[in-house]
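Here is a walk through one model, written for someone who likes to check distances and contacts by eye. Have the viewer open while you read.

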There are 2 protein chains.
Amino acid sequence: MRYGSAEIVPPDRRATIKEVAEAAGVSRSTASRALTGNGYVAEGVRLRVRQAASDLGYVVDAMARSLKQQSTRSIGVLVSDLRNEFYANLAAGASRQATRLGYTTMLIDDQGIPDDEVAAAEAFVALRVAGVVATPVSAAATKFLLRQRIPVVEVDRRFSDGECDAVVIDNRGSARAVTRHLIEQGHRRIALLIDEDDWTTGRERREGYVDALEAGGLPHDGDLVVPTGWDVEAARDAALELLRSPDRPTAIFAANNVLAEGAWRAAAELGLSMPDELSLAAFDDAPWMSMVTPGVTAVAQDASAMGRAAVQTLLERIADPGAGTKTVVLSASVKLRGSTVTAVPRDVRVG
Amino acid sequence: MRYGSAEIVPPDRRATIKEVAEAAGVSRSTASRALTGNGYVAEGVRLRVRQAASDLGYVVDAMARSLKQQSTRSIGVLVSDLRNEFYANLAAGASRQATRLGYTTMLIDDQGIPDDEVAAAEAFVALRVAGVVATPVSAAATKFLLRQRIPVVEVDRRFSDGECDAVVIDNRGSARAVTRHLIEQGHRRIALLIDEDDWTTGRERREGYVDALEAGGLPHDGDLVVPTGWDVEAARDAALELLRSPDRPTAIFAANNVLAEGAWRAAAELGLSMPDELSLAAFDDAPWMSMVTPGVTAVAQDASAMGRAAVQTLLERIADPGAGTKTVVLSASVKLRGSTVTAVPRDVRVG
DNA sequence: ATATATTGTGGGATCGATACCACAACTCGT
DNA sequence: ACGAGTTGTGGTATCGATCCCACAATATAT
């Protein structure tokens, strides 16, 4: 872009609406109306202002705007670990939906650390976000946000039941369905590999597992519920110990994809062939589960859809702050694969 | 929290510094100094103000602050597809580093769409971010941001060479190393599965591939460079066709993890055993590559470290806008696995 | 005792955009 | 020709926090 022979150099200060107004020969009020479309402006003037704005490379200052308007078009998204694809997909779904609906997203990864979660909540308040979508790791952040009158939607798990909206899947029902499937395959000793009991996810998955055992008339053997750490190594170690014991289970139900990876590695290490020597089922489908041989039976949750639904719910709440809280329960499907069956039937849908 | 017998209800308006000042019996100026720590405040007064702020649940309005200060403590992160774990890890690394250094992150997923990328850039300008980290899909967004005097760090690939900082890995060298490895395994017909040539990533990986062929005295057969779409399906189809041809290659080098998945599925479908009937190597290590049997040889880039380095570079640039642009080249390692070798040696480091 | 630092506080302008209100110019019906 | 309505524009206060500057009060030096 050249004017005469001189290269255009951008000014060192950004243009303000005042400069746009002067360039167009109108007042700031008129310029504002021309650019935002709120209020009367003659067509010719509107064009002149638009042209001046574009010439000057004017971009509205969202700070000044939202300071005046006392509201922002941005939402906060708080997830526990972006490197875990479940959260990444959730964030992607939320972010895209927000963009689609004209909101910008402030994303914070709190690494599952409660203190960081509260710090993130404070940052969101400082930024005056219109609302927050969070996968909570404690009740503190949500409480803090709600006290500040900022709408919150809890996703995946609940810490503030009834106090805010939520988007979850039917953990209990899905866990029950998978466990029932294992029972139907003839298994009598089915272990549950689980990392926590404090979150609704862990608790409900465990309840579903117990439900199915009871419905199937199987004893609920406490030794078969194996608590473990949250990472692959811990899960692998726990699974190794479990599978080396004399009365080892014939099937393992891993409560999430990380634990499933640990179990898978343990089984591979011990040379146990699936599904005959050991069956494995997981909560949370992950790409590798359909890449390995045999594939791993898993409950597939659409994390991206959860993110979308959460943003949707949040914006409805923003539009109507007075409405009663609601919980959206999304369905999940069980992907049957070679780790539990020899002839693989088509997907089963639950929830 | 109860006072007397009445439940405390939060006020419907958020507290401002003026209210904090009044509660503490000081002026707004003093309250500001007490809270920010800029300027003189008597110790007793500081405590009184802090207490008042905490009682009122005061949280600073970042909008008002940055409007006055004409600067923000937030950066923009622009990635192409959060569902792709490469970008997710990159974003996680960037986000965490930013948080660590006292910045908040605005994350946008532009889905690899140039128009969305430019829209995202405009949103960043409106929000007056201090800088932007981006995996560019065209030159437009970066140019726009630079014209607005907003520092940009391009990550993974370059569109604005020399005009801004960048963080990349040694694509050419890594591709050369992998291809050389395949040649050393005795392969003479090595196909390159690649989805694009317009980005520095694709171009350099291809150059590295060609380098190695030439160095190994092999003919550079154009038919062995297979262009394909960017998704798994397209890659699988291309690989299927390639592997069904009468003079099929004995090795495939997939230019990224998505294409590798397509190739893997194609090989599985055709029942080709690895590494004897077919060898497969990939650029971009993904979790499934170490879960499957045999494992897939791959160039492992530390996406999280790239994100960290990008934020680091960005903040240095913000601190010293006048310095010459720099390009940070991170190293990558080649993970040798069963898809190319029978006895698996330890990792080879390149770059 | 007076001059000079030091310590501490408040007043008021400022950042950029918006939106209410007043008002001007013009159209139209009677 | 006059009042009522429509169309269009500008002046000004405002959002919340910061920070420069003036200035008061006290401490220290000469």
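What follows goes through the symmetry, the protein interface, the two DNA strands and a few backbone oddities.

## The model and its symmetry

First, a caveat: this is a predicted model, and every value below is computed from it.

How do the two protein chains relate to each other? Chain A can be laid on chain B with an RMSD of 0.0 Å, using a turn of 180° and a shift of 0.0 Å along the axis. That is the relation of a two-fold axis. The same surface serves both copies, too: 100% of the contact residues of chain A recur in chain B.

## Where the protein chains meet

The interface pairs 48 residues of chain A with 48 residues of chain B. Between them, chain A and chain B bury about 4800 Å², with 58% of that on carbon and sulfur atoms. Three residues stand out here: A:M63, A:R96 and A:M291 supply 17% of the area that chain A buries against chain B, more than any other three residues.

On the polar side of things, the rule finds 21 residue pairs in polar contact across the interface of chain A and chain B, both residues at pLDDT 80 or more. Which elements of chain A supply at least two residues each to the side that touches chain B? They are helix 4, helix 5 (85-100), strand 4 (104-109), helix 6 (114-126), helix 7 (140-147), helix 11 (257-269) and helix 12 (287-291). Helix 5 of chain A gives the most, with 6 residues. Sorted by class, that side of chain A has 24 nonpolar, 11 polar and 13 charged residues.

## Salt bridges

Side chains of opposite charge can pair when their charged atoms come close. A search of the whole structure turns up 44 salt bridges over all chains, and the count between chain A and chain B is 6.

Two pairs are handy to look up. A:D109 forms a salt bridge with B:R96, and their closest N and O atoms are 3.0 Å apart. This pair crosses between chains, running from A:D109 in strand 4 of chain A to B:R96 in helix 5 of chain B. The side chains of B:R128 and A:D61 also meet in a salt bridge, at 3.7 Å from N to O.

## Around DNA strand C

There are 29 residues around DNA strand C, and A:I17, A:Y58, A:R65, A:K68 and B:T30 come nearest. Of the atoms of DNA strand C that come within 4 Å of the protein, sugar and phosphate account for 62%. Two phosphate contacts are worth a click: a backbone N or O atom of A:I17 lies 2.4 Å from a phosphate oxygen of this strand, and a side-chain N or O atom of A:Y58 is 2.6 Å from a phosphate oxygen. For a base contact, try B:K68, with an N or O atom of its side chain 3.3 Å from a base oxygen of DNA strand C.

Helix 2 and helix 4 of chain A, together with helix 2 and helix 4 of chain B, are the elements that give two or more residues to the surface near DNA strand C. Which helix gives the most? Helix 4 of chain A does, with 5 residues. By class, this surface has 11 nonpolar, 10 polar and 8 charged residues.

## Around DNA strand D

Turn to DNA strand D: of the 29 residues around it, A:T30, B:I17, B:Y58, B:R65 and B:K68 come nearest. Sugar and phosphate make up 60% of the atoms of DNA strand D that come within 4 Å of the protein.

Bases are reached by chain A: a polar side-chain atom of A:R28 lies 3.5 Å from a base nitrogen of DNA strand D, while an N or O atom in the side chain of A:S29 is 2.7 Å from a base oxygen. On the backbone side, an N or O atom in the side chain of B:Y58 is 2.6 Å from a phosphate oxygen of the strand. Helix 4 of chain B gives the most to the surface near DNA strand D, with 5 residues. That surface has 11 nonpolar, 10 polar and 8 charged residues.

## Backbone oddities

Most residues other than glycine have a negative phi, and most peptide bonds are trans. Where are the exceptions to look at? A cis peptide bond joins A:T293 and A:P294, with omega about -5°, and A:P294 sits in the loop between helix 12 and strand 12 (297-300) of chain A. In chain B, a cis peptide bond joins B:T293 and B:P294, again with omega about -5°.

A:D156 has a positive phi of about 75° although it is not a glycine. A:D156 is in the loop between strand 6 (152-155) and strand 7 (165-169) of chain A.

Definitions and conventions. Residues are numbered from 1 along each chain as its sequence is written. Chains are lettered from A and ligands numbered from 1 in the order in which they are written. This is a predicted model: local features need pLDDT of at least 70, side-chain atom pairs count only at pLDDT 80 or more; totals for chains, interfaces and linings use all residues. Side-chain values use heavy atoms; hydrogens and water are left out. Copies are superposed by least squares on the C-alpha atoms of residues with pLDDT of at least 70 in both. Contact means heavy atoms within 4.5 Å. A residue is near a molecule or strand if one of its heavy atoms lies within 4 Å of it. A polar contact is a pair of N or O atoms within 3.5 Å; within protein, one must be able to donate a hydrogen and the other to accept it, and residues adjacent in sequence count only if both atoms are side-chain atoms. Helices (H or I, at least four residues) and strands (E, at least two) are DSSP runs, numbered from the N terminus. Ala, Val, Leu, Ile, Met, Phe, Trp, Tyr, Cys and Pro count as nonpolar, Asp, Glu, Lys and Arg as charged, and the others, Gly among them, as polar. Buried area is the accessible area (1.4 Å probe) that two parts lose on being put together, summed over both. A salt bridge is a side-chain nitrogen of Lys or Arg within 4 Å of a carboxyl oxygen of Asp or Glu.
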